[in-house]
Amino acid sequence: MSSNALFKEFTLKNLVLKNRLAMAPMTRNFSPNGVPHKDAASYYARRAEGGIGLIITEGVEISHDSSSGYPNCPNLRSKEARSEWKKIVKAVHDEGSSIFCQLWHVGGIRKPGMPPNPEIPGYTPSGFVNANKKVAHEMSLTDIQDMINIYADDAKICEDIGFDGIEIHGAHGYLIDQFFWKDTNKRDDHYGGSLVKRAQFACDIIDACKNNTSDKFLVGIRFSQWKQQDYDAKIADNEKTLSEFLLKLADSNPDFLHCSTRRYWEPEFKSSHLNLAGLAKKITGIPTISVGSVGLNKDFINLYAGDDEAGFANIDELEQRLAMNEFDLIAIGRALLSDPNWANKIKNNQTDKIQQFNKTFVENYY
Ligand SMILES: Cc1cc2nc3c(=O)[nH]c(=O)nc-3n(C[C@H](O)[C@H](O)[C@H](O)COP(=O)(O)O)c2cc1C
């Protein structure tokens with residue numbers, strides 16, 4: 001099987017990507033005080049040079065005091081942070097690749113006492129982090145509007161820095177996903193109720209980001225069924241509900257949908273062989289990015305369950321699915337942490353030379 005489908009140029013809105021491979025967003029916790037690590041430009045450029053057409057940055061905390069929930073994550077708030085991001089963007093562009101900034105708010109994952117302002121609680125739709133745990137601040141309508149404005153301001157900052165676009169992090173049980181999920185959104189205003197109504201917050205953010213940036217700047221959203229609070233959770237448990245949800249998101253014209261799954265080859269529902277990104281593309285016609293265990297024989301949850309290693313897995317099925325255009329781009333996570341040259345090695349049939357993944361590649365920064 002040739003890997004041609006992976007290495008074909010792809011035009012995403014106005015952006016010509018050199019191939020269909022993206023680096024998945026991966027938090028690295030190497031950015032004290034919100035300023036990207038001094039080696040971040042070479043870290044990202046190394047993956048671009050290694051054959052990746054689109055870099056999606058690690059989660060970048062939006063400029064609200066409640067957005068952070070983990071140590072040493074980057075943001076856009078200081079002049080120093082923005083100047084480091086400029087270097088990163090330039091380094092990636094110099095390799096002929098494109099780069100999106102992933103904008104992130106952790107919602108109720110934030111615990112009291114965390115920096116930068118320990119007294120700031122986690123912000124959530126209804127105070128819940130999962131079905132039974134009411135621990136966080138329930139956002140007022142003013143809080144919601146302020147948050148939407150901050151996303152829009154940060155989108156503009158990203159465009160000014162030189163990013164080609166943003167990916168709004170709406171996945172994995174963080175703030176936007178807490179609005180999507182019925183267990184954490186119990187509101188009775190127009191941000192709660194049916195799944196379509198629970199998608200309103202995301203739609204308002206996409207609209208605001210688009211309105212505050214130029215037409216050539218891309219604005220997309222990542223979403224997932226699974227949550228870190230519950231790996232088996234689903235916001236939509238059948239194709240009809242998924243359609244209603246995605247068509248609501250589509251109303252605000254996102255430029256792409258990044259459909260986060262743990263194993264890209266799994267059909268989302270029994271009713272179709274398509275995976276989540278395949279269904280999302282079929283339902284909305286919007287370009288989609290798929291993800292999940294590319295090149296590896298274990299999914300990434302194993303990493304957090306104490307299983308340190310994952311072996312090589314061939315990508316025949318990925319090639320077939322890309323050749324059939326089931327989805328448009330594929331994001332690669334851990335395989336790129338262990339081997340920045342993964343894409344070039346696949347292209348040149350050097351799979352025997354791919355560096356195997358283990359946990360030390362998460363702990364170290366290269
Ligand atoms: C160390 C690490 C950090 C991650 N950080 C983020 C993040 O900041 N934002 C996000 O949306 N997903 C994050 N993820 C999930 C990845 O983007 C990706 O969806 C997941 O690793 C599955 O891809 P893989 O099997 O190719 O690794 C992270 C994953 C890992 C392993």
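1. G162 comes directly after helix α3 and has a positive phi, near 120 degrees. This is read from a predicted model, as is everything below.

2. Helix α3 covers residues 141-161. The helix has 21 residues, which at 1.5 Å a residue should span 30 Å; the C-alpha atoms at its ends are 30 Å apart, so expectation and model agree.

3. Several positions along α3 are buried: I144, M147, Y151, A152, D154, A155, I157, C158, E159 and I161. The list includes D154 and E159, which count as charged. Among the elements covering these buried residues are α2 (79-94), β5 (98-104), β10, α6 (200-211) and β11 (218-227).

4. The largest nonpolar core contains 104 residues, and A22 and I330 have the most contacts inside it. Helix α3 is the main contributor to this core, giving eight residues.

5. Once neighbours within four places in sequence are left aside, the contacts of A22 are I52, G53, L54, I56, I289, L329, I330 and A331. I330 thus appears in two places: as a contact of A22, and beside A22 as a residue with the most contacts inside the core.

6. Around the ligand there are 25 residues, of which A24, T27, G59, G333 and R334 come nearest. By class, the shell holds 12 nonpolar, nine polar and four charged residues.

7. Three elements, β4 (54-61), β10 (165-172) and α11 (334-338), each supply at least two residues of that shell. The largest share, three residues, is from β10. Strand β10 also belongs to what covers the buried residues of α3.

Methods
Residues numbered from 1 in each chain as written. Predicted model: local features only at pLDDT ≥ 70, side-chain atom pairs only at ≥ 80, totals over all residues. Core = buried A, V, L, I, M, F, W, Y, C linked by C-beta atoms within 7 Å. Buried ≥ 20, exposed ≤ 12 C-beta atoms within 10 Å, placed from the backbone. Helix = DSSP H or I, 4+ residues; strand = E, 2+ residues; numbered from the N terminus. Contact = placed C-beta atoms within 7 Å. Near = placed C-beta within 6 Å. Expected span 1.5 Å × (residues − 1).
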